[in-house]
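Here's a walk through some charged pairs, a strand and its partners, and a greasy spot on the surface. Have the structure open while you read.

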Amino acid sequence: MHIRYQRLVVFLVMMFATAAVFGQATSTGNIIGIVTDATGAAVSGASITAINKGTNSQRTVTTNRAGEYRFDLLAVGTYSVKVEAQGFSSGLAANLELIVGTTLNANFPLIAGQVATSIEVSTVNQLVNAEKTDSSTAVTPQEINNLPLNGRDFANLAILAPGVKQVDSYDPTKNRYAVYAVNGSSGRNTNTTVNGVDNKDNTVGGAVMQLPLEAVEEFNISTSRFSAENGRSEGAAVNVVTKSGTNQFHGALYGFFRSQAIQTNNAISEQAGQPKPDYSRQQYGGAIDGPIRKDKDFGFFAYEGLRERSSLAVTDLSYSELVLAEPLGAKPTHTIATPFDEKRYNGRLDHYFSDREKFYVSYTAQDNKSNNDQSTGQVDTTEGNFTINDLIIANATLTSILSSRSINNFTLGFQYWNNLIDSTTRTPYFLFPDGTSFGTNINVPQKSSQHKFQFRDDFSQTVGKHTLKMGFDFLYEPQVGGFFENNPTPEFDFFDSAANLLDPSKYPNGFSSPGAIQASTGTSGDPSFNLSPKMLGLYFEDDWRATPRLFLNLGIRYDRDIDTYGLDKQANSRTHQELVAAAATPVPTLPTTPPVTQAGVGYTPSLDFLGGIYTGLPKNDNLDISPRIGFSYDVWGNGRFVLRGGYGLYFGQTFENIPLFMIQQANSTVFANTYSISCAGPTDTTCGSANNVPGTNIPLSQYRYGVDPAPVIPPASFNLAAGSTGRLMDPGYRNPYTQQINLGIQYALTTHSVFEVEYNQSRGIHEDKTVNINPTEYFNGGIRPFSAAFKAAGVPVLGRFGAEKSLGRSYYDGLNLSYRQSLNRHFSAIVNYTYAKALAFEGNPAAFRNTATNPFLGQFRKPDYGTAPNDERHHITAAGTISLPWRIDISPILSVGSARPLDVVESSSDLWG
């Protein structure tokens with residue numbers, strides 16, 4: 001072990017000593033080309049200068065013996081490229097717009113002897129990327145500025161990439177923001193970086209924070225087969241660049257306003273005769289940037305505010321019931337106010353020590369407050385909640401040009417997120433049979449917190465026809481955790497409706513009638529959970545111009561996750577300790593009764609996935625080695641027709657929500673239902689002492705709410721209660737990964753347009769799946785595989801088990817057709833069509849807690865295999881801008897897809913316990 005760490009340290013020192021790595025992975029781009037004479041022969045030794053037109057910074061390189069030149073790690077922006085060679089005319093390519101993650105190709109044919117002549121290259125098709133081997137789309141500043149965005153969330157423009165579509169939110173903290181899925185997935189497996197800094201939610205996946213739209217310069221989304229510089233995602237990679245100041249002052253002010261007058265009611269509310277809910281929204285802000293010292297220091301600042309006042313209609317039936325429940329503390333209302341206030345701001349400072357060294361810092365913050373985002377149309381005001389979010393992402397980046405052929409980029413990053421969902425009230429929670437409820441919300445309080453420090457270094461060295469890139473990316477998160485508590489106050493479930501309970505002929509004492517309460521629950525214990533993981537990524541890549549027409553991208557990446565499973569805490573998990581105790585007994589934990597075909601069922605139950613010996617713990621995932629290879633071939637040699645493709649392996653990460661319950665079960669007191677009783681109403685003669693209200697000797701069927709003493713919630717225990725759900729991670733658990741293949745063509749129809757056809761394939765492996773390894777054996781008298789061993793060990797007998805196993809599979813095949821035209825003759829356009837199919841075993845790809853409907857038929861039975869919830873056979877996205885006189889632009893955007901599948905859930909799932 002000591003030798004391994006020594007080797008790792010030596011490797012890191014070598015990387016620093018060589019200033020090791022390449023930065024185009026994050027917020028830069030490249031310009032390449034060939035300089036020739038009139039006969040097509042290479043012109044070597046020509047001087048090439050790239051000038052950033054915004055900051056006037058310059059870089060100069062010389063052509064090699066093949067007449068080739070390249071600029072790596074250029075800051076995104078607009079450039080002019082000048083060429084000078086002794087005995088030849090000069091050349092100029094003006095207004096080259098370099099987008100993040102792209103490579104522009106500008107070739108220069110010079111004329112011998114005409115030194116005083118300057119040739120301007122004006123036919124560079126900036127949509128053609130000669131070194132593009134992956135499936136990616138660059139979203140330009142013009143598209144961000146021109147296209148309409150509901151809510152001004154730049155991520156809504158991700159649909160401009162083929163294979164991307166908007167999907168429903170998978171987490172309540174993301175309900176108001178753009179959630180999109182790539183290649184049939186759930187949307188969790190996209191890794192977003194801002195100026196190279198990780199913006200991932202390590203608890204549930206997806207992006208954490210949103211930026212002011214005015215602060216976003218551009219972004220690049222790679223939906224498949226991205227290079228080795230990017231990692232920690234088995235799905236897609238999104239690289240976002242924030243704006244910087246220039247030598248000219250710029251400013252912007254804006255306001256967007258909506259009111260109830262231009263809102264429409266939904267069809268269901270109209271049919272029910274419900275009024276249109278109140279609604280108003282004011283979104284406003286501005287930005288300013290410019291020089292602090294010309295050519296040296298630049299500043300940028302953007303602010304965006306949002307004030308929204310909306311409401312949720314309460315159904316007439318629930319309102320009537322809540323009015324009757326006012327004596328119990330209900331506060332009925334026809335509408336639940338759902339206000340939302342947010343502010344976002346970004347500041348950036350750039351300093352140029354020289355044309356060879358640049359430093360900049362960027363700081364973005366977002367905070368918002370909202371009320372009642374956990375409410376439904378069946379509650380009152382007492383069941384409301386408040387939500388507070390505070391988010392920060394910042395970076396400090398130093399770019400050093402070590403020579404004309406070597407560049408280094410170092411980034412120090414920080415991310416902070418704190419989410420709190422709570423209530424200002426603490427009163428008992430009441431539930432009626434139709435779902436109407438009031439009292440303290442049962443989903444509060446809960447908190448998620450994430451603190452992340454990042455150190456990243458990227459280096460690029462050009463050696464002949466090879467551009468070597470290498471780098472490391474280290475993340476340390478001292479805190480990823482929080483707490484999740486449910487039922488903070490006692491819950492009382494009524495046996496009948498409020499109207500019936502207040503009918504003296506049925507219930508003489510109304511709500512206080514014996515047996516009016518049919519169930520009650522109380523919780524106690526420590527609901528907190530926290531991890532302090534570390535993540536290391538190393539990569540090496542060779543961009544090899546094998547021939548003037550053939551370009552190869554050869555890369556390999558290594559990722560190691562440290563303590564993302566919380567192994568020290570899992571060792572103290574009560575489920576794990578009980579399983580160890582059970583294994584120490586001579587009692588078998590595998591079913592021994594041979595199953596028989598069940599009448600009316602039509603199958604023989606399988607015992608292959610039941611019981612077992614689980615004494616081990618999973619190990620940190622340290623074998624995530626990802627080879628990646630891509631190619632592009634210039635078929636005609638003029639950059640108009642390019643064939644590209646490749647293969648790669650892509651590892652994702654294990655989100656904290658997967659080991660969360662195991663970590664909670666390691667606390668000194670286990671958070672759980674410390675009492676849960678139920679009876680079948682006032683006439684239930686079988687309701688015995690096991691269902692006595694705690695703190696009294698009164699069976700629930702005789703309990704009179706408001707007359708008899710209130711329940712005394714039992715204190716939390718060190719042990720799990722009998723019948724509790726067991727939680728564990730399989731000892732063989734590992735991170736999910738995908739195998740991705742792409743093959744396509746890129747054809748420049750004109751100097752301003754390009755048409756692309758591409759096939760993408762993705763195979764998801766080791767995806768998370770929750771397996772019940774301790775179900776009720778309905779064919780064997782209703783016993784469970786572990787029950788006898790638990791009894792023999794003298795530990796509480798647990799109920800069902802939620803065992804997290806990495807055995808899920810998913811499949812995606814898609815054909816993308818895309819047409820893009822940059823602004824020409826007052827018109828620009830983007831049109832994408834995707835024909836695809838996404839398949840998975842029970843649930844979404846790149847998700848978790850996908851449980852097989854029947855544990856007795858194995859984990860990959862045919863009924864569980866089918867189209868993924870976000871599968872769309874056909875999807876079309878179209879957008880563009882029409883520039884009219886008087887500086888009027890019309891910019892529509894459209895996204896439409898075929899119907900998504902309906903997931904049919906088997907009602908028999910409860911048979912398995």
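## A buried glutamine

A residue is called buried when its relative accessible area is under 20%, exposed when that area is over 50%, and partly exposed in between. Keep in mind that this is a predicted model.

So where does Gln570 fall? With a relative accessible area of 3%, Gln570 is buried, because that value is under 20%. You'll find Gln570 in helix H6, which covers residues 567-570. A polar atom of the Gln570 side chain sits 2.8 Å from the backbone oxygen of Tyr565. Setting aside neighbours within four places in sequence, Gln570 is in contact with Tyr565, His576, Leu617, Pro618, Pro659, Met662 and Met729.

## Salt bridges, buried and less buried

Side chains of opposite charge can pair when their charged atoms come close. Searching the whole structure turns up 32 salt bridges. One of them joins Asp341 and Arg309, with the closest N and O atoms 3.2 Å apart. This pair links distant parts of the chain: Asp341 belongs to strand E21 (residues 340-354) and Arg309 to strand E19 (residues 297-313), 32 residues apart. Asp341 is partly exposed, at a relative accessible area of 30%, and Arg309 is partly exposed too, at 27%.

Now look at Arg644 and Glu758, whose salt bridge has its closest N and O atoms 3.2 Å apart. Here again the pair links distant parts of the chain, with Arg644 in strand E35 (residues 641-651) and Glu758 in strand E39 (residues 753-771), 114 residues apart. Are these two residues buried or exposed? Arg644 has 1% relative accessibility, so it counts as buried; Glu758, at 5%, counts as buried as well. Elsewhere, salt bridges that share partners tie Arg152, Glu214, Lys243, Glu304, Glu342 and Arg344 into one network. Within that network, the side chains of Glu342 and Arg344 meet in a salt bridge at 2.9 Å, N to O, and both of these residues are buried.

## Strand E34 and its partners

In a regular strand the side chains alternate between the two faces of the sheet. Strand E34 (residues 624-634) is a good place to see an alternating pattern. On one face, Asp624, Ser626, Arg628, Gly630, Ser632 and Asp634 are buried. Ile625, Pro627, Ile629, Phe631 and Tyr633 point to the other face and are not buried.

Which strands pair with E34? Strand E33 (residues 550-562) does, in the antiparallel sense over 10 bridges, and Leu552 stands opposite Phe631 of E34. E35 pairs with E34 as well, also in the antiparallel sense, over seven bridges; there, Val642 in E35 is the bridge partner of Asp634. E34 and E35 form a hairpin with six residues between them, and Gly637 in the turn has a positive phi of about 80 degrees.

## A nonpolar patch on the surface

Finally, the greasy spot. Phe827, Ile882, Leu884, Trp886, Ile888 and Ile890 make a nonpolar surface patch of about 610 Å². Two elements give two or more residues to this patch: strand E43 (874-884) and strand E44 (888-890).

Phe827 is found in strand E41 (residues 827-841). At 35% relative accessibility, Phe827 counts as partly exposed, because that value lies between 20% and 50%.

How values were computed:
Residues numbered from 1 in each chain as written. Predicted model: local features only at pLDDT ≥ 70, side-chain atom pairs only at ≥ 80, totals over all residues. Heavy atoms only, no water. Salt bridge = Lys/Arg side-chain N within 4 Å of Asp/Glu carboxyl O. Helix = DSSP H or I, 4+ residues; strand = E, 2+ residues; numbered from the N terminus. Buried < 20%, exposed > 50% of the residue type's maximum accessible area, 1.4 Å probe, protein only. Polar contact = N/O pair within 3.5 Å; in protein donor to acceptor, adjacent residues only side chain to side chain. Contact = heavy atoms within 4.5 Å. Pairing = 2+ DSSP bridges. Patch = residues over 30% accessible without salt bridge, like charges linked within 9 Å, V, L, I, M, F, W, Y side chains within 5 Å. Areas by Shrake-Rupley, 256 points an atom, 1.4 Å probe, with all protein chains shown as cover.
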